[in-house]
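Thanks for coming. I will go through one model this morning, starting with the DNA contacts and ending with the pocket.

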Amino acid sequence: MRLGTDVYKQDGIKLAKDLLGKILVRKIDDRLIKCKIVETESYIGPEDKGCHAYKNKRTKRTEVMFWEGGHAYIYLIYGMYNCLNIVANCKDKPEAVLIRGVEPLSEIETLKEKRNIKSNKIEDLTNGPGKLCKALEITKELNGYDLIHGDELYIVENDEEFEIVEAKRINIDYAQEYKDKLWRFYIKNNKFVSKKSSTD
DNA sequence: GTACCGATGTTCT
DNA sequence: GAACATCGGTACC
């Protein structure tokens, strides 16, 4: 069962928690890569100084964040890596959830080929926002993609019990008082979380 | 295990 | 021209 608008239209913090444990599906050449979402971060424009859409800053890059919840917001960071976000809330409310870590459930060999790294550890394939985008071939071509109706990238339900850890977001030192907000969420004791918190 | 460093390109000032 | 929601390698403990 795919997630529908009722889920995506929640605010960015509720959505970040709701997405944990759900299954992200990427279709490439008739192969289905399935990954469990294990780590997320909320970005809440216009108030959040860490958010690209702080003060409702609407540019070519941030445009998708202003769309209705349920689209993919993908941008290039440090000139090299893409980051996948899920747009939350209603139209003109620029909120999004960054996917920071996923646990592969299928097509491990495909992921290894796409990543092409020396490490043999499975967790190194997808335990970071740039890594998982490379592994799943998520590029800016999918920016603005409709996760509710599209076939190449979408999210499905998954019922599972787990404990959620709340932590500070990563690498947003410039965000002043907003850098200490506990807007990062992850599944406790999961190996595919990019960075453990000291309170874990 | 931690620490630093360079790669790289788009966006916005 | 600077900043950037990162990563992988190397050099050290």
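**DNA contacts and the pocket**

Of the atoms of DNA strand B that lie within 4 Å of the protein, 50% are sugar or phosphate, and the rest belong to bases. Please keep in mind that this is a predicted model.

Let me stay with strand B. The residues around DNA strand B are Thr59, Arg61, Leu76, Tyr78, Gly79, Met80 and Lys140. Sorted by class, that surface has three nonpolar, two polar and two charged residues.

Two contacts here involve the protein backbone. A polar backbone atom of Tyr78 is 2.5 Å from a base oxygen of DNA strand B. For Gly79, a backbone N or O atom lies 3.2 Å from a sugar or linking oxygen of DNA strand B.

Where does Tyr78 take its positive phi? Tyr78 is in the hairpin of β3 and β4, which has three residues between the strands, and its phi is near 55°.

Now the strands themselves. β3 and β4 run antiparallel and are joined by six bridges. On that side, Ala72 stands opposite Ile86 in β4. β4 also runs antiparallel to β5, with three bridges between them. Asn85 has Leu98 in β5 as its bridge partner. As for exposure, β4 is mostly covered, with six of its seven residues buried.

Asn85 takes us to the other strand of DNA. How many residues surround DNA strand C? There are 19, and the closest are Tyr75, Asn85, Arg115, Gly130 and Tyr174. Of the strand C atoms that come within 4 Å of the protein, sugar and phosphate account for 64%.

I have three contacts to show for strand C. The side chain of Asn85 has an N or O atom 2.4 Å from a base nitrogen of DNA strand C. Gly130 uses its backbone: a polar atom there is 2.9 Å from a phosphate oxygen of DNA strand C. In the side chain of Tyr174, an N or O atom is 2.5 Å from a phosphate oxygen of DNA strand C. The elements that give two or more residues to this surface are β3, β4, β5 and α5. α5 contributes the largest share, three residues. By class, the surface near DNA strand C divides into 10 nonpolar, six polar and three charged residues.

On to the pocket. The largest pocket holds about 500 Å³ of space. Its lining consists of 26 residues, and nearest its centre are Tyr75, Ile77, Cys83, Ile170 and Asn171. β2 (31-44), β3 (72-77), β4 (81-87), β5 (95-104) and α5 (129-135) each give two or more residues to that lining. The lining has 15 nonpolar, eight polar and three charged residues. Tyr75 has come up twice, then: it is among the closest residues to DNA strand C, and it is among those nearest the centre of the largest pocket.

One last residue, away from these topics. Val193 is found in the segment after β8 (184-187). Is Val193 buried or exposed? The cut-off for buried is under 20% relative accessible area, and Val193 counts as buried because its relative accessibility is 5%. Val193 and Asn82 are 111 residues apart along the chain, and their C-alpha atoms are separated by 18 Å.

That is what I have for this model.

Terms used: Residues are numbered from 1 along each chain as its sequence is written. Chains are lettered from A and ligands numbered from 1 in the order in which they are written. This is a predicted model: local features need pLDDT of at least 70, side-chain atom pairs count only at pLDDT 80 or more; totals for chains, interfaces and linings use all residues. Side-chain values use heavy atoms; hydrogens and water are left out. On a 1 Å grid over the protein atoms alone, a cavity is a set of points where a 1.4 Å probe fits but cannot get out, and a pocket is an open set with protein on both sides within 12 Å along at least five of seven lines; lining residues have an atom within 4 Å of a point. Grid points are joined across faces, edges and corners, and a volume is the space filled by probe spheres set on the points. Helices (H or I, at least four residues) and strands (E, at least two) are DSSP runs, numbered from the N terminus. Ala, Val, Leu, Ile, Met, Phe, Trp, Tyr, Cys and Pro count as nonpolar, Asp, Glu, Lys and Arg as charged, and the others, Gly among them, as polar. A residue is near a molecule or strand if one of its heavy atoms lies within 4 Å of it. A polar contact is a pair of N or O atoms within 3.5 Å; within protein, one must be able to donate a hydrogen and the other to accept it, and residues adjacent in sequence count only if both atoms are side-chain atoms. Buried means under 20% relative accessible area, exposed over 50%, partly exposed in between (1.4 Å probe, protein chains only). Two strands pair if DSSP finds at least two bridges between them.
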